[in-house]
Amino acid sequence: MTAFDGLVAVVTGGGSGIGAACVAALSAGGARVGVLDLRPTQTEEADRVLAIRADVADQASLDAAMAEVANAFGGIDILINCAGISSVGDVAANGDEEWARVFDINVTGVARASRAALPYLRHATSPAIVNISSIVATAGIVQRALYSASKGAVHALTLAMAADLIDDGVRVTCVAPGTVDTPWVARLLAGADDPVAEKARLAARQPTGRLVTADEVAAAVCYLAGPSAGATTGMSLAVDGGMSGLRPRRP
Ligand SMILES: NC(=O)c1ccc[n+]([C@@H]2O[C@H](COP(=O)([O-])OP(=O)(O)OC[C@H]3O[C@@H](n4cnc5c(N)ncnc54)[C@H](O)[C@@H]3O)[C@@H](O)[C@H]2O)c1
């Protein structure tokens, strides 16, 4: 027996980075997994992992994808809301259109996917939703105004959903990663004047002196999503190399 034997999970944004690591970890734990992404990747046989093109900005595509997963695997027990996009700049850097676009994906996308999954989660025996927030929800990080506001909203939404769904037995939590070594960060670094120096700065910002790995975030997600975390809801778990709480002295 492994932790997720007999359970079905859906991972939005499961085609890359943290989401892909969640898909691999949940599947290794015995879950059958639906991968919902703009660019989904079929990493295993379709009887274990079902890759479906879906857009978290489009309710109809999420409703159809959840139904496809539930029909194929017999229900949905776990939803991991991982799809998200970046935004760089201070509060004046982006106009209304960009603020609406980022909130539409990072915040309303969580609400849409949850709305689509809830009819199935309500019939599950140990249902859980895990949202991917960020260190930026609770720490001021330069040049991330819009992105930080969106992740702060994910944090708040996690608490509100946990309260609303507690009587349905649906646990809702979030994971707040620091800077994680994923294609997302690789793209950010590629745009820097000196990518090597910028990566060293990002690593040094975390007390552990290195970037978080996607597998480390996935391990936290699996803990929160699994039946053994049955008494844990309405909270955020930091996976940030100590960034949120530690101020170590450096030479
Ligand atoms: N990498 C980090 O340092 C870091 C830190 C904290 C939080 N996060 C969060 O983790 C999540 C994943 O980040 P990542 O680093 O793995 O990024 P990534 O770019 O490697 O993966 C993101 C995935 O989301 C998918 N996606 C984007 N928009 C979508 C949409 N509208 N519908 C469906 N899928 C969509 C992309 O296709 C991609 O596969 C994001 O929510 C991000 O905000 C990342």
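# N106 and its surroundings in a predicted model

Student: Which side chain makes a polar contact with the side chain of N106?
Tutor: That of S150, at 3.1 Å. Keep in mind that this is a predicted model.

Student: And what lies 2.8 Å from the backbone nitrogen of I85?
Tutor: A polar atom of the N106 side chain. I85 and S150 both appear in the list of residues that N106 touches.

Student: Which others does N106 touch, leaving out residues up to four places away in sequence?
Tutor: G84, Y147, K151 and V154, along with I85 and S150.

Student: Where does N106 sit, in secondary structure terms?
Tutor: In helix α3, which covers residues 96-106.

Student: Is N106 buried or exposed?
Tutor: Buried. The relative accessible area of N106 is 1%. Buried means under 20%, so N106 qualifies.

Student: Let's switch to N131. Where is that one found?
Tutor: In strand β5, residues 128-132.

Student: Buried or exposed?
Tutor: N131 is buried, because its relative accessible area is 0%.

Student: What is N131 in contact with, leaving aside neighbours within four places in sequence?
Tutor: The list runs N81, V110, V154, T158, M161, V172, T173, C174 and V175. V154 is also among the residues that N106 touches.

Student: Zoom out. How many helices and strands does the protein have?
Tutor: Eight helices and seven strands.

Student: What is the radius of gyration, and what would a compact globule have?
Tutor: The protein has 18 Å. A compact globule with 251 residues would have a value near 18 Å, so the two agree.

Student: What does the C-alpha trace span along its principal axes?
Tutor: About 55 × 40 × 35 Å.

Student: What percentage of the residues count as buried?
Tutor: 47% of the 251 residues. N106 and N131 are among them, at 1% and 0% relative accessible area.

Student: What about the exposed area of the protein: how much is there, and what do carbon and sulfur supply?
Tutor: The protein exposes about 11300 Å². Carbon and sulfur atoms supply 55% of that.

Student: How many positive and negative side chains are there?
Tutor: There are 19 positive and 25 negative ones. The centres of the two sets lie 7 Å apart.

Student: And contacts along the chain? What percentage join residues at least 24 apart?
Tutor: 68%, taken among contacts between residues at least 6 apart in sequence.

Student: OK, E44. Where is its place?
Tutor: E44 is in the loop between β2 (32-37) and β3 (49-53). E44 is partly exposed, with a relative accessible area of 31%.

Student: What joins E44 and S27?
Tutor: A polar contact of 2.7 Å between their side chains. E44 touches S27 and V49, not counting residues up to four places away in sequence.

Student: How far apart are E44 and E97?
Tutor: In sequence, 53 residues. In space, 38 Å from C-alpha to C-alpha.

Student: Next, G30. Which loop holds it?
Tutor: The loop between α1 (17-28) and β2.

Student: Is G30 buried or exposed?
Tutor: Buried, with a relative accessible area of 15%. The cut-off for buried is under 20%, so G30 falls inside it.

Student: What does G30 touch?
Tutor: T2, F4, D5, G6 and R48, not counting residues up to four places away in sequence. The C-alpha atoms of G30 and V8 are separated by 9.0 Å, and these two residues are 22 apart along the chain.

Student: What about the phi of Q143?
Tutor: It is positive, about 60°, although Q143 is not a glycine.

Student: Why would anyone remark on that?
Tutor: Because most residues other than glycine have a negative phi.

Student: Where does Q143 lie?
Tutor: In the loop between β5 and α5 (145-165). Q143 is partly exposed, at 42% relative accessible area.

Student: Last one: E198. Which helix?
Tutor: Helix α7, residues 195-205. E198 is partly exposed, with a relative accessible area of 25%.

Student: What is E198 in contact with, leaving aside neighbours within four places in sequence?
Tutor: L189 and A192. The C-alpha atoms of E198 and L188 are separated by 9.5 Å, with their positions ten residues apart along the chain counted as the separation.

How values were computed:
Residues numbered from 1 in each chain as written. Predicted model: local features only at pLDDT ≥ 70, side-chain atom pairs only at ≥ 80, totals over all residues. Heavy atoms only, no water. Helix = DSSP H or I, 4+ residues; strand = E, 2+ residues; numbered from the N terminus. Buried < 20%, exposed > 50% of the residue type's maximum accessible area, 1.4 Å probe, protein only. Polar contact = N/O pair within 3.5 Å; in protein donor to acceptor, adjacent residues only side chain to side chain. Contact = heavy atoms within 4.5 Å. Rg over C-alpha atoms; globule rule 2.2 N^0.38 Å. Areas by Shrake-Rupley, 256 points an atom, 1.4 Å probe, with all protein chains shown as cover. Lys, Arg positive; Asp, Glu negative; His and termini not counted. Charge placed at Lys NZ, Arg CZ, Asp CG, Glu CD.
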